[in-house]
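Please open the model in your viewer and keep the sequence panel at hand. The stops below each suggest a selection and then describe what is found there.

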Amino acid sequence: DYALAVDSGHWDLWPDFFTEQCVYKLIPRENHERGFPLCTLSFTSKGMLKDRVYGIQETLYHDPYYQRHVVGAPVVRRMEGECIHAEANYAVFRTKLDKQSTVFNVGRYIDTIVKTPEGLKFAERLCVYDSEMIPKPSFIRYDHDKLDRCSRRGRFV
């Protein structure tokens with residue numbers, strides 16, 4: 001369901017896979033293995049994830065493409081009470097309408113999953129990507145008027 005929501009562009013569903021006080025980080029493998037805190041993206045609450053969704057849907061424009069996550073079978077590393085600690089490899093492919101599919105990003109998810117009244121949710125998801133760089137999209141355009149309105153409302157600060 002997670003990959004389907006993201007790949008189909010239903011970004012508004014993405015935060016619902018997480019607890020209110022969650023952690024989501026996109027981090028290079030080298031930084032993770034060395035214990036360095038620097039991340040490409042770092043969010044520490046569901047509210048921050050919702051702000052990211054707003055930014056994706058309302059202020060970021062790029063050449064159209066299809067995206068597909070391929071996620072391997074998760075491996076449960078350990079259980080601690082109500083927490084499940086698991087890992088799964090992933091690959092993200094992107095296809096522009098007039099081009100062949102390309103590998104966008106490859107790595108592993110390191111997850112802490114907890115049982116909630118709404119079902120299982122991510123308390124923490126680390127996306128540890130293998131390459132040192134994420135490819136730069138060929139064309140990104142921001143709606144600066146919307147970005148200005150967001151920062152006046154206290155978003156994206």
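Begin with strand 4, residues 65-71, together with strand 6; in this predicted model the two pair in the antiparallel sense over 7 bridges. Within that pairing, select Y65 and look across to K96 in strand 6, which stands opposite.

Next, add strand 5, residues 75-80, which runs antiparallel to strand 6 and is joined to it by 5 bridges. Here E80 stands opposite C83 of strand 6, and the hairpin that these two strands form has 2 residues between them, with G81 taking a positive phi near 60 degrees.

Keep strand 6 selected and bring in strand 7: these strands pair in the antiparallel sense over 13 bridges, and they form a hairpin with 4 residues between them. For a position to centre on, choose A86, which stands opposite D111 in strand 7.

Now turn from the backbone to the side chains and select Y2, W14, F18, Y24, L49, Y90 and C127, the residues with the most contacts inside the largest nonpolar core, which has 20 residues. At least two residues of this core come from each of helix 1 (2-7), strand 1 (18-28), helix 3 (46-58), strand 6 (83-96), strand 7 (101-116) and strand 8 (119-129). Apart from this core lies another, of 5 residues, which includes I27, C39, I110 and L126.

Centre the view on F18, whose contacts, leaving aside residues up to four places away in sequence, are Y2, V23, Y24, K46, L49, K121, F122 and R125.

The structure holds 11 aromatic pairs. In one of them the ring centres of F18 and F122 are 5.4 Å apart and the planes stand at 40 degrees, so the pair is tilted. Because F18 lies in strand 1 and F122 in strand 8, this pair ties together parts that are 104 residues apart in sequence. Both F18 and F122 are buried.

Select Y24 and F43 for a stacked pair, with 6.3 Å from centre to centre and 25 degrees between the planes. This pair links strand 1, where Y24 lies, to F43 in strand 2 (residues 41-43), 19 residues apart. Y24 counts as buried at 10% relative accessibility, and F43 is likewise buried, with a relative accessible area of 10%.

To see the wider setting, select Y2, W11, W14, F17, F18, Y24, F43, Y90, Y109 and F122, which form one aromatic cluster.

Finish at R125, which lies over the face of Y2 at 4.5 Å from the ring centre, while the charged end of R125 also sits over the ring of Y109, 3.6 Å from its centre.

Terms used. Residues numbered from 1 in each chain as written. Predicted model: local features only at pLDDT ≥ 70, side-chain atom pairs only at ≥ 80, totals over all residues. Heavy atoms only, no water. Core = buried A, V, L, I, M, F, W, Y, C linked by side-chain atoms within 4.5 Å. Buried < 20%, exposed > 50% of the residue type's maximum accessible area, 1.4 Å probe, protein only. Contact = heavy atoms within 4.5 Å. Pairing = 2+ DSSP bridges. Phe/Tyr/Trp six-rings, centres within 6.5 Å; stacked < 30°, edge-to-face > 60°. Lys NZ or Arg CZ within 6 Å of the ring centre and 35° of its normal.
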